[in-house]
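Ready for some practice in reading a protein model? Take a look at the structure, then work through the exercises one step at a time.

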Amino acid sequence: MDEVASKIPNAVVFRDLFFRFGGRQYAPDLAVVIGKTPPIENIGLVYRVPEDGDAPSAIIEVAVSPKSLGEALSEKAAFYAAMGVKDYLVVEAIPSLPLRLWFCRLAEGEEIRQVREALMESLRVKVWIEGGKLRMADFEGNEILSPKEALERERKKREELEQRVAELERKLQQ
């Protein structure tokens with residue numbers, strides 16, 4: 001998500017930071033604020049909306065139990081809607097069950113629903129599940145890899161190049 005945010009002017013990614021609004025607070029797994037934010041060192045453990053800055057444009061919650069899924073789909077969704085969040089994605093990641101996505105555009109008054117893919121317009125990102133893994137791509141179709149996947153892809157490319165060089169060296173020696 002840091003890669004995505006780095007391409008958006010004035011975007012800041014927060015992880016597990018409490019957002020306070022209207023007397024309540026929750027700490028989403030990931031929030032992206034696009035717009036006015038204070039320096040991170042001035043925030044502390046709680047980001048107060050609107051006192052500290054703009055509401056997050058996008059929030060991603062990861063639900064790992066039926067209880068956390070219920071909370072994410074009900075009270076957290078209502079809280080984030082009241083706060084002014086645009087895109088809200090819940091990744092249902094309950095162990096021993098297949099991954100599922102729940103998504104809505106809170107700012108447009110949509111109800112959260114299970115989806116095959118989520119188009120997070122505020123971040124210009126498409127999210128889907130493929131082969132039991134969460135996948136992401138920008139709106140131009142460029143896949144966004146996790147750091148681990150990017151390293152693995154680069155390692156494979158290096159190995160292929162090394163094999164090609166070895167083949168060319170063998171041909172030159174013949």
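**Exercise 1. Sort the residues that line the second largest pocket into nonpolar, polar and charged.**

Solution. The lining divides into five nonpolar, no polar and five charged residues. Here Ala, Val, Leu, Ile, Met, Phe, Trp, Tyr, Cys and Pro count as nonpolar, Asp, Glu, Lys and Arg as charged, and the others, Gly among them, as polar. To check this, go through the lining: Glu3, Val4, Lys7, Ile8, Leu123, Arg124, Asp138, Phe139, Glu140 and Ile144. On a 1 Å grid over the protein atoms alone, a pocket is an open set of points where a 1.4 Å probe fits, with protein on both sides within 12 Å along at least five of seven lines, and lining residues have an atom within 4 Å of a point.

Before going on, note that this is a predicted model: local features need pLDDT of at least 70, side-chain atom pairs count only at pLDDT 80 or more, and totals for chains, interfaces and linings use all residues. Residues are numbered from 1 along each chain as its sequence is written, and side-chain values use heavy atoms, leaving out hydrogens and water.

**Exercise 2. Find where serine 122 lies and which side chain its own side chain touches in a polar contact.**

Solution. Start with the loop between strand 10 (117-120) and strand 11 (125-130), where serine 122 lies. Strands are DSSP runs of E with at least two residues, and helices are runs of H or I with at least four, numbered from the N terminus. Next, follow the side chain of serine 122 to the side chain of aspartate 87, 2.7 Å away in a polar contact. Such a contact is a pair of N or O atoms within 3.5 Å; within protein, one must be able to donate a hydrogen and the other to accept it, and residues adjacent in sequence count only if both atoms are side-chain atoms.

**Exercise 3. Locate the cis peptide bond between valine 49 and proline 50 and state its omega.**

Solution. Go to the loop between strand 5 (46-48) and strand 6 (58-63), which holds proline 50. The bond from valine 49 to proline 50 has omega near 5°. Most peptide bonds are trans.
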